[in-house]
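Work through the exercises below with the sequence and the model side by side. Try each task before reading its solution.

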Amino acid sequence: MTHIPDGIVTLPVLLGGASVTIAGCALGLKRLTPEKIPQAALLSALFFVAALVHFPVGVSSVHLILSGLMGVMLGWVAFPVILVAAGLQALMFGFGGVAVLGVNVMNMAVPAVVCGALFDGLQTRVKPASLGLLAGGCGGLGGGLAALMVAVSLGLSGKEFWRAAQLIVGAHLPVMIIEAAVTAAAVGLLLKVKPGALLR
């Protein structure tokens with residue numbers, strides 16, 4: 001569960017998340033060129049659908065986050081892309097909350113930016129044939145970081161959420177493997193059919 005509902009996190013966490021999301025969206029929109037709009041729209045739709053499909057794990061449920069994939073392909077543009085998708089989920093399905101939207105976007109978009117920067121920094125140091133594996137590693141890392149940020153957001157909101165925070169991180173360990181496989185496959189395909197899609 002990376003979509004925190006309303007009424008759980010404290011006001012300082014809400015304000016911090018909103019501030020980071022506003023700043024991230026401003027940077028992302030500056031980098032959103034007309035050529036990138038179709039790709040951004042496609043990834044926003046993919047995130048919208050993937051995050052609605054839940055799989056039960058113990059007392060919680062998990063879903064694909066795709067932070068790593070969006071980071072590799074979009075970098076800072078992941079912020080407005082996730083904002084649009086998560087906002088529609090909250091308004092249309094009550095998935096997550098409206099007041100906590102900034103926190104939810106931050107928790108998924110910051111890992112995307114980190115993974116995008118990591119991919120950019122390492123892609124010139126690996127062989128072209130290994131770029132898919134590098135992207136897969138970023139995909140797994142993105143899922144893990146998103147779960148960790150959700151846990152931190154809950155932990156900062158009160159000691160009563162610490163146990164839930166631990167469970168969320170543990171439940172997302174298998175998701176990291178799936179995220180890595182999905183990202184590696186997607187980027188591997190793009191490298192064959194349209195390598196320019198990875199250029200920012």
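The exercises that follow deal with cores, a covered helix, a surface patch and some single residues.

The model is predicted, with local features taken only at pLDDT of at least 70 and side-chain atom pairs only at pLDDT 80 or more, while totals for chains, interfaces and linings use all residues. Residues are numbered from 1 along each chain as its sequence is written, and side-chain values use heavy atoms, with hydrogens and water left out.

**Exercise 1. The nonpolar cores**

Task: find the residues of the largest nonpolar core that touch the most other members, and state which elements give two or more residues to this core.

Solution. Start with the terms. A nonpolar core is a set of buried Ala, Val, Leu, Ile, Met, Phe, Trp, Tyr and Cys residues joined through side-chain atoms within 4.5 Å. Buried means under 20% relative accessible area, exposed means over 50%, and partly exposed lies in between (1.4 Å probe, protein chains only). Helices (H or I, at least four residues) and strands (E, at least two) are DSSP runs, numbered from the N terminus.

Next, the members. The largest core has 35 residues, and those touching the most other members are Phe47, Met70, Leu74, Ile82, Val105 and Phe119. Two or more residues each come from H2 (37-50), H3 (67-74), H4 (78-93), H5 (101-122), H6 (131-155) and H8 (173-193). The greatest share is that of H5, with 8 residues.

Then take one member. Contact means heavy atoms within 4.5 Å. Beyond its neighbours within four places in sequence, Met70 is in contact with Leu43, Phe47, Ile65, Gly75, Ala78, Val81 and Ile82. Apart from this core there is a second, separate one of 12 residues, with Val13, Met106, Ala147 and Ala165 among them.

**Exercise 2. Helix H3 and its two ends**

Task: determine how many residues of H3 are buried and what covers them.

Solution. First count: 8 of the 8 residues of H3 are buried. They are Ser67, Gly68, Leu69, Met70, Gly71, Val72, Met73 and Leu74. Second, look at the cover, which includes H2, H4, H5, H6 and H8.

Third, check the ends. Leu66 sits in the loop between strand E2 (60-62) and H3. Leu66 is not a glycine, yet its phi is positive, at about 65 degrees. Leu66 counts as buried because its relative accessible area is 4%. Just after H3, Gly75 also has a positive phi of about 65 degrees.

**Exercise 3. A surface patch**

Task: list the residues of the nonpolar surface patch and place Val84.

Solution. Patches are made of residues with over 30% relative accessible area and no salt bridge (a side-chain nitrogen of Lys or Arg within 4 Å of a carboxyl oxygen of Asp or Glu); like charges are joined within 9 Å and nonpolar side chains (Val, Leu, Ile, Met, Phe, Trp, Tyr) within 5 Å. The patch covers about 680 Å² and is made by Leu52, Val84, Leu88, Leu91, Met92, Phe93 and Val98. Val84 belongs to helix H4. Val84 has 48% relative accessibility, so Val84 counts as partly exposed.

**Exercise 4. Single residues**

Task: decide whether Thr183, Gln39 and Ala18 are buried or partly exposed, and find contacts for each.

Solution. Begin with Thr183, in helix H8. The relative accessibility of Thr183 is 0%, so Thr183 is buried. Outside four places in sequence, Thr183 is in contact with Leu69, Ala135, Gly136 and Gly139.

Gln39 is in helix H2 and is buried, because its relative accessibility is 13%. The side chains of Gln39 and Lys36 make a polar contact of 2.6 Å (a pair of N or O atoms within 3.5 Å; within protein, one must be able to donate a hydrogen and the other to accept it, and residues adjacent in sequence count only if both atoms are side-chain atoms).

Ala18 is in helix H1 (residues 11-31). Ala18 is partly exposed because its relative accessibility is 28%. Not counting residues up to four places away in sequence, Ala18 touches Gly102 and Val103.

Note on methods:
Accessible areas come from the Shrake-Rupley method with a 1.4 Å probe; for residues, only the protein chains shown count as cover.
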